[in-house]
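I opened the notebook to record what I looked up in this model, entry by entry. The notes follow the order in which I went through the chain.

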Amino acid sequence: MDYIKPEMTHDEIVTIIKNMKADYEDRVDDHIIKSAEISKARRDISRRIRELTEEDKANGTR
């Protein structure tokens, strides 16, 4: 409501809404990318832990 004023034209309001939609979509995209990066890092860490655990078992240590 801070962006839309009673004296604005329809076109001005539509422009504001389009800009807000684009900003929202950019934030969603950023969130998806960050989430994917975190998931990849988590998988890499899990894989490395599994490898280290297997190495410990092969070497007879815990």
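Entry 1, a charged patch. I began at the surface of this predicted model, where I found Asp23, Asp26, Asp29 and Asp30 gathered in a patch of negative charge. I then took aspartate 30 from that patch and looked up its place, which is in helix H1, the element that covers residues 10-59. Its relative accessibility came out at 43%, so I noted aspartate 30 as partly exposed, since that class lies between 20% and 50%.

Entry 2, the helix itself. What span should the 50 residues of H1 have, and how far apart are its end C-alpha atoms? At 1.5 Å a residue the helix should span 74 Å, and I found the end C-alpha atoms 73 Å apart, which agrees with the expected value. I also looked at what comes just after H1, and there glycine 60 takes a positive phi of about 80°.

Entry 3, salt bridges. How many salt bridges does a search of the whole structure find? The search returned 5 of them, and I went through several in turn.

I started with aspartate 44 and arginine 47, whose side chains meet in a salt bridge at 2.9 Å, taken from N to O. The two residues are 3 residues apart in helix H1, and therefore about one helical turn separates them. Aspartate 44 has a relative accessible area of 30% and is partly exposed, and arginine 47, at 38% relative accessibility, also counts as partly exposed. I then noted that this pair belongs to a network of salt bridges in which Lys40, Asp44 and Arg47 are linked.

I turned next to arginine 48, whose side chain meets that of glutamate 51 in a salt bridge with an N to O distance of 3.3 Å. Both of these residues lie in helix H1, where they are 3 residues apart, about one turn of the helix. The side chain of arginine 48 also meets that of glutamate 55 in a salt bridge, here at 4.0 Å from N to O. That value deserved a check against the cut-off, which asks for a side-chain nitrogen of Lys or Arg within 4 Å of a carboxyl oxygen of Asp or Glu.

Are these partners buried or exposed? I looked up each one: arginine 48 is partly exposed at 42% relative accessibility, glutamate 51 is partly exposed with a relative accessible area of 34%, and glutamate 55 is partly exposed with a relative accessible area of 41%.

Entry 4, a nonpolar patch. Which residues make the nonpolar surface patch of about 280 Å²? I found that Tyr24, Val28 and Ile32 make it. I followed up valine 28, which lies in helix H1 and is partly exposed, with a relative accessible area of 30%.

Entry 5, distances along the helix. I picked some residue pairs in order to set separation in sequence beside separation in space. Aspartate 44, whose place is in helix H1, is 22 residues along the chain from alanine 22, and the C-alpha atoms of the two are separated by 33 Å. Lysine 21 also has its place in helix H1, and at 51% relative accessibility I noted it as exposed, because that class begins over 50%. From lysine 21 to alanine 41 I counted 20 residues in sequence, and the C-alpha to C-alpha distance is 30 Å.

Serine 35 is found in helix H1 and is partly exposed, with a relative accessible area of 35%. I paired serine 35 with methionine 8, which is 27 residues away along the chain, and their C-alpha atoms are separated by 38 Å.

Entry 6, before the helix. Where is the place of tyrosine 3? I found tyrosine 3 in the segment before H1, and with a relative accessible area of 54% this residue is exposed. I then looked up its separation from glutamate 25: the two are 22 residues apart in sequence and 18 Å apart in space, C-alpha to C-alpha.

Notes
Residues are numbered from 1 along each chain as its sequence is written. This is a predicted model: local features need pLDDT of at least 70, side-chain atom pairs count only at pLDDT 80 or more; totals for chains, interfaces and linings use all residues. Side-chain values use heavy atoms; hydrogens and water are left out. Patches are made of residues with over 30% relative accessible area and no salt bridge: like charges are joined within 9 Å, nonpolar side chains (Val, Leu, Ile, Met, Phe, Trp, Tyr) within 5 Å. Accessible areas come from the Shrake-Rupley method with a 1.4 Å probe; for residues, only the protein chains shown count as cover. Lys and Arg count as positive and Asp and Glu as negative; His and the chain ends are not counted. The place of a charge is taken as NZ of Lys, CZ of Arg, CG of Asp or CD of Glu. Helices (H or I, at least four residues) and strands (E, at least two) are DSSP runs, numbered from the N terminus. Buried means under 20% relative accessible area, exposed over 50%, partly exposed in between (1.4 Å probe, protein chains only). The expected span of a helix is 1.5 Å times one less than its number of residues.
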